[in-house]
Amino acid sequence: MHDVMNLPRMEFPKGFLWGSSTSAYQIEGDCPHNDWDRGAREGRWKEACGKACNHYALYKEDVELIRSLGHPAYRFSIEWSRVEPEEGRFDAAATEHYVDLCRRLTAAGIQPWVTLFHFTNPIWFADKGEWNKEENIGCFLRFVEYIVPKIAPYAEGWAPINEYNFYSGAPNQPEDHRRLANYAFNVLLADAGAYDIIKAHSAKPCGSPMAYLTLQPFRPHDPFDQAMTDYADWVANGWYYHAIRTGELVYPFTDARYCPQVKGRADFWGVNIYARDLVDSRRKACRADGRYPHRALRLVQSAEKPWEFSPDELMANLCRLKDKPVYITENGLATDDDRFRIVYMALHLAAIRQAMDFGVDLRSYFHWSLFDNYEWGSFDPKYGLVGFDKKTFARQPKPSAWFYKDVIAANGVSGDLVRKHLADVPSMPVACHRQGPS
Ligand code: BGC
């Protein structure tokens, strides 16, 4: 499995959906009305987003680019702070922009997959206390009511809230479980409310992507590491699946709530998958950063935050999701050496294909990301199939973009395809960055 140059040919079922993924703030540029942009003005991030990839201005050309790369689907998000820059005032030009983007994608034969919230809050919403207050959920639902009917004629798939589990956190989060639970419950309730609105206007599949963490005990047979791993998995992944499966919201140190309005509010499991985390019960932070036993594939690392990936364990993790179709809504790698992207993609696709043999109903693969984008505080991490010139914004597809185009055309992956695009497997280590919103 790990001999990437000699992968057997693995074909995907007919109708399997291929695409790439982005989010509005990370690529659009000139977007002053959200809390991330305000954060930049306050000097909170290493780098400001600025013009990013200038995609808001160049979206017509970018639709052509996506077509030329052979992507049958494209997942993007609508920037709430553009559409509703002030509370209750909807901007017609911004609305028309997103409708036009959808129209052009559809005309180019590319399915629009639409996310309605990807990490950025309009400033007015942030100032009201955003998701900390249950009464604020209505603000988001008002936006959803407004935008969904306009986009519904084009959208082929929906995600109300990207990584709604991101907010309840992984084991490194502060100890204030009740505050986190309150926040996370509100996000989940908003997601479920948005699901109902979407379903009133569209028959297309709807499900929000999880940041699906693959957690493993640092010492495989240590009972404390195992217990902490189960706990971390519950907080990061498990309670969401349980909530949608049953309507019961169960979170540590918090009274459980029964919310029937959440039950069944996902047509599929959307999963964003990147790397794995090891859980070490002997450390306060629980994460075993930097002290990896050599059990997993360790192709990439950075001095600040080592990162490893493990396609086999990812596959095992996917096997827990057999009760609904599964859409891979993000998978990708930040690396300055594009050759690793090809290796990473090939091995993950092979693992995903194997999970299908084990009975997981996998329907899509969206690569993160189409562009080298604004990676929440910095442009250093390079996740893109396509780079761009910082001055002219000229798009520069990388070899991995052509590899992926071949994968899509072949509807599968193989060692032959890898060898066509990669003379050899590069030696390690190489700079790699992984970070997210703080
Ligand atoms: C997020 C993206 C982010 C990516 C890489 C995902 O969790 O949805 O916004 O860029 O990870 O860190």
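Colleague: Before we look around, what counts as buried here, and what is the relative accessibility of Phe 140?
Modeller: Buried means under 20% relative accessible area. This is a predicted model, and in it Phe 140 falls under that cut-off, so it counts as buried. Its relative accessibility is 0%.

Colleague: Thanks! Which residues is Phe 140 in contact with, leaving aside its neighbours within four places in sequence?
Modeller: With those sequence neighbours set aside, the contacts of Phe 140 include Ala 190 and Ala 194. Pro 160 and Ile 161 are also among them. The rest of the list is Trp 80, Leu 116, Phe 117 and Trp 131.

Colleague: How is the aromatic pair of Trp 131 and Phe 140 arranged?
Modeller: A pair of aromatic rings is described by the distance of the centres and the angle of the planes. For Trp 131 and Phe 140 the centres are 5.5 Å apart. Trp 131 is itself buried, with a relative accessible area of 1%. The planes make 70 degrees, and over 60 counts as edge-to-face, so the pair is edge-to-face.

Colleague: Which residues touch the most other members in the largest nonpolar core, and which helix gives the most to this core?
Modeller: This core has 123 residues. Those touching the most other members are Ile 78, Leu 116, Phe 140, Ile 151, Trp 158, Leu 318 and Leu 362. With 14 residues, the helix that gives the most is α8 (residues 177-201).

Colleague: What lies apart from that core?
Modeller: There is another core, and its members include Trp 45, Phe 119, Tyr 374 and Trp 376. Tyr 374 is buried, at a relative accessible area of 0%. The number of residues in this other core is eleven.

Colleague: Is the pair of Tyr 374 and Phe 379 stacked, edge-to-face or tilted?
Modeller: Phe 379 is buried, with a relative accessible area of 9%. The ring centres of Tyr 374 and Phe 379 lie 5.1 Å apart. Their planes stand at 55 degrees, which is neither under 30 nor over 60, so the pair is tilted.

Colleague: Which residues do ring pairs link into a cluster with Tyr 374 and Phe 379?
Modeller: A search of the whole structure finds 39 aromatic pairs. Ring pairs link Tyr 374 and Phe 379 into a cluster with Tyr 25, Trp 36, Trp 45, Phe 119 and Trp 376.

Colleague: Let's turn to the sheet. In what order do the strands stand, and which ones are at the edges?
Modeller: Eight strands form an open sheet with parallel pairing. The order is β5-β4-β3-β2-β13-β12-β10-β6. Two of these strands have a single partner each, so one side of each is left without a neighbour in the sheet. Those edge strands are β5 (157-159) and β6 (209-211).

Colleague: Which residue stands opposite Phe 76 in β4?
Modeller: Strand β3 (residues 73-77) pairs with β4 (residues 111-115) in the parallel sense, over five bridges. Opposite Phe 76 in β4 stands Val 114.

Colleague: Why is β4 largely enclosed, and which helix packs on the sheet touching β3 and β4?
Modeller: Four of the five residues of β4 are buried, so the rest of the structure largely encloses it. The helix touching β3 and β4 has a direction about 175 degrees from that of β3. That helix is α5 (residues 92-107).

How values were computed: Residues are numbered from 1 along each chain as its sequence is written. This is a predicted model: local features need pLDDT of at least 70, side-chain atom pairs count only at pLDDT 80 or more; totals for chains, interfaces and linings use all residues. Side-chain values use heavy atoms; hydrogens and water are left out. Two strands pair if DSSP finds at least two bridges between them. Helices (H or I, at least four residues) and strands (E, at least two) are DSSP runs, numbered from the N terminus. Contact means heavy atoms within 4.5 Å. Axes are lines fitted to C-alpha atoms, for helices over the stretch in contact, and angles run from 0 to 180 degrees between N-to-C directions. Buried means under 20% relative accessible area, exposed over 50%, partly exposed in between (1.4 Å probe, protein chains only). A nonpolar core is a set of buried Ala, Val, Leu, Ile, Met, Phe, Trp, Tyr and Cys residues joined through side-chain atoms within 4.5 Å. Rings of Phe, Tyr and Trp (its six-membered ring) pair if their centres lie within 6.5 Å; planes under 30 degrees apart count as stacked, over 60 as edge-to-face and the rest as tilted.
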